[in-house]
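Biologist: Please take me closely through one part of this model, namely the strands and how they pair, and then follow the path outward to the helices and the empty spaces.

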Amino acid sequence: MNLRIGVLGASRIAESAIVGPAQDLGHRLVAVAARDPLRAKDFADKYGVERVLASYQDVIDDPEVDVLYNPLANSLHAPWNLAAVRAGKPVLTEKPFARNRAEAQRVADAAAAAGVTVMEGFHYLFHPVTRRALQLAADGTLGELCRVEVRMGMPTPQPGDPRWSLELAGGALMDLGCYGLHVMRRFGTPTVTAATAVQRSPGVDERCDVEVALDSGATGLATHSMVDDEYSFTLRVIGETGEALVHNFIKPHEDDRVTISTAGGTTVEHLGRRMSYTYQLEAFATHLLTGAPMPLDAADAVANMALIDEAYRAAGMQPR
């Protein structure tokens with residue numbers, strides 16, 4: 001059985017995050033709506049979406065839509081996820097899950113009460129490069145875990161980009177830090193020990209670096225910059241006797257290397273260029289169709305937003 005998917009908004013990320021994976025896996029893109037009807041029509045024509053509807057609510061209410069994909073601006077994730085929950089329809093939502101922990105908790109509570117799945121789309125977690133890094137940290141290959149370093153950078157978005165809007169819940173920690181802190185949490189329970197931010201405009205960070213202490217005794221650093229010269233998404237896991245480097249944990253289809261260095265030497269593993277988004281949709285669909293367990297749930301999303309709030313406060317800023 002294949003999913004019938006409704007898309008909220010004609011976003012740039014949708015081609016990689018839902019269109020390609022749906023085509024690869026045989027799911028149908030049934031409906032799309034956008035603030036600009038012409039943009040929605042162009043999106044539908046380009047990607048083979050079956051029809052364009054007048055509003056997001058029309059997509060949610062469409063009886064032929066089984067599941068929603070929500071790639072809207074950060075501040076619109078929670079409101080439209082709640083609308084989908086009220087309609088009894090599961091959602092694969094882009095991250096961050098909400099503007100802050102309190103809003104995330106409202107969505108989680110509503111989803112639990114309705115028995116509806118709302119999953120935050122941390123696609124990186126489903127790819128073998130990430131699974132390998134987690135395995136190496138756990139199986140003793142690197143010795144006792146000492147430190148985790150996540151370094152995320154991207155070129156500067158255009159001035160009018162939603163990522164620079166406080167009203168739309170933009171900022172480097174929201175856009176990149178949701179990933180950086182999320183992957184840090186795979187290695188233990190982190191507490192923020194320090195954070196520094198550079199604000200592009202009042203309340204909107206262009207860079208935010210976060211130091212954490214893990215409950216294992218290890219430390220971590222996650223750096224997030226939206227003013228770099230190029231894209232860079234590395235994950236380094238450092239143990240007492242070795243370390244592992246994932247060269248691009250966000251886009252492993254572009255670089256699938258994991259470099260492992262121990263006393264025995266250095267090896268480079270190539271773990272496949274299949275897109276992490278395809279792994280994610282495959283797992284999400286299997287969950288919806290068979291009830292198979294997922295590595296992500298709404299409680300995880302709430303915990304991630306709580307850590308983002310904590311990091312903002314540590315940096316002298318207010319949560320969104």
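Modeller: Two strands are said to pair if DSSP finds at least two bridges between them. The model is a predicted one, and in it strand E9 (residues 204-214) is joined to strand E10 (residues 219-228) by seven bridges, with the two running antiparallel. Within that pairing Val210 stands opposite Ala222 of E10, and the hairpin that links E9 and E10 has four residues between the strands, where Gly217 takes a positive phi near 105°.

E9 also pairs with strand E8 (residues 190-201), again in the antiparallel sense, over 10 bridges. Here Val198 faces Arg207 of E9, and the hairpin of E8 and E9 has two residues between the strands, with Gly203 taking a positive phi near 90°. As for exposure, E9 is mostly covered, since eight of its 11 residues are buried.

Turning to the parallel strands, six of them form an open sheet in the order E3-E2-E1-E4-E5-E6. Strand E3 (51-52) and strand E6 (118-120) stand at its edges with a single partner strand each, so one side of each has no neighbour in the sheet. Inside this order, strand E4 (residues 67-70) runs parallel to strand E5 (residues 91-93) and is joined to it by three bridges, and Asn70 stands opposite Thr93 in E5.

Helix H4 packs on this sheet, where it touches strand E1 (4-8), E4, E5 and E6, and its direction makes about 175° with that of E4. The buried residues of H4 include Asn74, Ser75, His77 and Ala78, and among the elements that cover the buried residues of H4 are helix H3 (56-61), helix H5 (101-114) and helix H7 (172-175), together with E4, E5 and E6. Just after H4, Gly88 takes a positive phi of about 75°. Helix H9 (residues 276-290) lies across E4, E5 and E6 as well, running at about 155° to E5. Helix H8 (residues 177-185) is mostly covered, and nine of its nine residues are buried, including Cys178, Tyr179, His182 and Arg185.

H4 leads on to the largest pocket, which holds about 1,200 Å³ of space. Of the 38 residues that line that pocket, Ser11, Arg12, Ile13, Pro71 and Arg163 are the closest to its centre. Helix H1 (14-25), helix H4 (74-86) and strand E7 (145-155) each supply at least two residues of the lining, and the largest share, three residues, comes from H4. By class, the lining of the pocket has 20 nonpolar, seven polar and 11 charged residues.

Separate from the pocket is the closed kind of space, and the structure holds one cavity of 30 Å³ or more. About 30 Å³ of space lies in the largest cavity, and its lining is made up of Leu136, Ala137, Leu142, Gly143, Glu144, Leu145, Val237, Ile238 and Gly239. The elements that give two or more residues to this lining are helix H6 (128-138) and strand E11 (232-239), with E11 giving the most, at three residues. The residues of the cavity lining divide into six nonpolar, two polar and one charged.

Notes:
Residues numbered from 1 in each chain as written. Predicted model: local features only at pLDDT ≥ 70, side-chain atom pairs only at ≥ 80, totals over all residues. Heavy atoms only, no water. 1 Å grid on protein atoms, 1.4 Å probe; cavity = no way out; pocket = protein on both sides within 12 Å on 5 of 7 lines; lining within 4 Å. Points joined across faces, edges and corners; volume = space filled by probe spheres on them. Nonpolar A, V, L, I, M, F, W, Y, C, P; charged D, E, K, R; others polar. Contact = heavy atoms within 4.5 Å. Axes fitted to C-alpha atoms, helices over the stretch in contact; angles between N-to-C directions. Buried < 20%, exposed > 50% of the residue type's maximum accessible area, 1.4 Å probe, protein only.
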